[in-house]
Amino acid sequence: MAPIVVPANQPADRFYAGGARISSLRGDPPCGSHQPEDWVASTTCCHGCASLGLSRLPDGTLLADAVTADPEHWLGAEHVARYGADTKLLVKLLDAGQRLPVHAHPHVDWAARHLGLKHGKAEAWYILTPGSVWLSLKEAVDDEDLLRLVEAGQGTQLLDKMHKLDVVPHQTLYVPPGTLHAIGEGVMVVELQEPSDLSVLCEWEGFQIDGLAHGHLGLGFPTALTAVDTKARTEDEVMRLVTDGAAAESVCAEESNEYFVLERLHVDGERRARRGFAVVIVLDGTVTLATQTSGALALKKGSTVVIPHEDGELTLHGQADVLIARPPQ
């Protein structure tokens with residue numbers, strides 16, 4: 001099976017606005033006003049859904065079913081021996097058409113204890129357009145005060161207690177599990193994360209969601225907010241979560257490597273990349289991609305490709321800026 005180009009996979013009618021920048025990057029017709037996330041080569045469902053968010057291969061097969069049917073082909077024997085038929089990865093294109101609400105995602109241990117799930121949601125953002133984001137608390141928040149703010153619908157006040165960062169393209173920000181965060185209006189990112197869709201909302205005014213009903217993972221806020229890290233980080237500690245994206249190895253903060261790996265390749269002529277299950281995103285330029293078992297596949301800006309482990313080493317020719325997202329090694 002050769003590398004497979006996967007089209008846009010943008011669930012409709014999400015609770016926040018966006019999506020136009022995804023269509024522009026891909027060269028696709030305009031999407032709806034609330035399709036801000038493109039779930040690329042996804043084996044993960046949107047929270048509470050049976051199949052929404054899952055990617056299909058050109059023959060109509062769900063990628064999740066293809067991986068389950070032949071995990072060693074897709075993921076490699078070493079990966080399967082450690083993780084089973086689990087890609088350990090979800091990649092998205094995310095276009096914030098409005099500022100996202102302040103929220104956090106649980107750690108895997110918390111998700112296992114409270115929800116019986118095997119993934120939390122560590123994530124990282126590779127910045128594509130400039131703007132502002134909020135990441136972590138600069139002032140610690142008392143647990144009771146956090147619960148009071150959230151249940152009173154006053155979670156927006158948390159923004160003043162958080163680090164606000166101005167971001168530029170090619171920076172990468174790692175968001176550890178439990179960390180409060182929000183992406184500002186106009187910021188587009190490539191998002192890597194654990195393969196789950198678990199969010200604890202701390203605000204929802206102005207968004208198309210009933211946060212009191214749906215912001216706490218069905219657990220109630222007294223329990224859900226225990227997933228949130230209420231401690232403060234210094235500015236230096238926050239900046240250690242930010243990398244400049246210039247290297248060809250993992251461009252994320254080192255501590256994220258237990259969850260995923262992101263490589264950036266600037267192709268000017270020929271570049272090679274190691275074998276392994278991967279999601280490739282062409283950010284700019286044109287390139288041909290070949291593996292040890294396939295011929296050249298012509299790709300343009302906005303192309304997204306899923307590559308099985310069995311295809312072997314990758315060879316890229318052309319002039320392009322390319323991201324390669326991978327599971328943890």
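**Pockets, cavity and cores in a predicted model**

The largest pocket in this structure, which is a predicted model, holds about 600 Å³ of space. Of the 32 residues that line this pocket, those closest to its centre are Arg 14, Phe 15, Asp 197, Ser 199 and Ile 209. Several elements give two or more residues to the lining, namely strands E2 (37-40), E3 (90-95) and E9 (181-183), together with helix H7 (211-214). By class, the lining of the largest pocket divides into 14 nonpolar, ten polar and eight charged residues.

The second largest pocket has a volume of about 340 Å³, and among its 16 lining residues Leu 75, His 79, His 309, Pro 328 and Gln 329 lie closest to the centre. Helix H4, residues 77-83, provides the largest share of that lining, with five residues.

Let me turn to enclosed space, where a search of the whole structure finds one cavity of 30 Å³ or more. What kinds of residues line the largest cavity? Its lining has seven nonpolar and two polar residues, with no charged ones, and it includes Val 40, Thr 43, Leu 90 and Phe 277.

Now to the cores, and here a general point helps: in soluble globular proteins, nonpolar side chains tend to be buried together. The largest nonpolar core in this model has 56 residues, and Trp 74, Leu 173, Ile 183, Val 190 and Phe 260 have the most contacts inside it. A second, separate core of 26 residues includes Ala 111, Leu 146, Val 150 and Trp 204.

Finally, UniProt, in an unreviewed entry, lists residues 257-323 as "domain: Mannose-6-phosphate isomerase cupin", and in the model this span is 67% strand and 0% helix.

Terms used. Residues are numbered from 1 along each chain as its sequence is written. This is a predicted model: local features need pLDDT of at least 70, side-chain atom pairs count only at pLDDT 80 or more; totals for chains, interfaces and linings use all residues. Side-chain values use heavy atoms; hydrogens and water are left out. A nonpolar core is a set of buried Ala, Val, Leu, Ile, Met, Phe, Trp, Tyr and Cys residues joined through side-chain atoms within 4.5 Å. Buried means under 20% relative accessible area, exposed over 50%, partly exposed in between (1.4 Å probe, protein chains only). On a 1 Å grid over the protein atoms alone, a cavity is a set of points where a 1.4 Å probe fits but cannot get out, and a pocket is an open set with protein on both sides within 12 Å along at least five of seven lines; lining residues have an atom within 4 Å of a point. Grid points are joined across faces, edges and corners, and a volume is the space filled by probe spheres set on the points. Ala, Val, Leu, Ile, Met, Phe, Trp, Tyr, Cys and Pro count as nonpolar, Asp, Glu, Lys and Arg as charged, and the others, Gly among them, as polar. UniProt positions are given in the numbering used here, feature names are shortened, and annotations may be inferred rather than shown by experiment. Helices (H or I, at least four residues) and strands (E, at least two) are DSSP runs, numbered from the N terminus.
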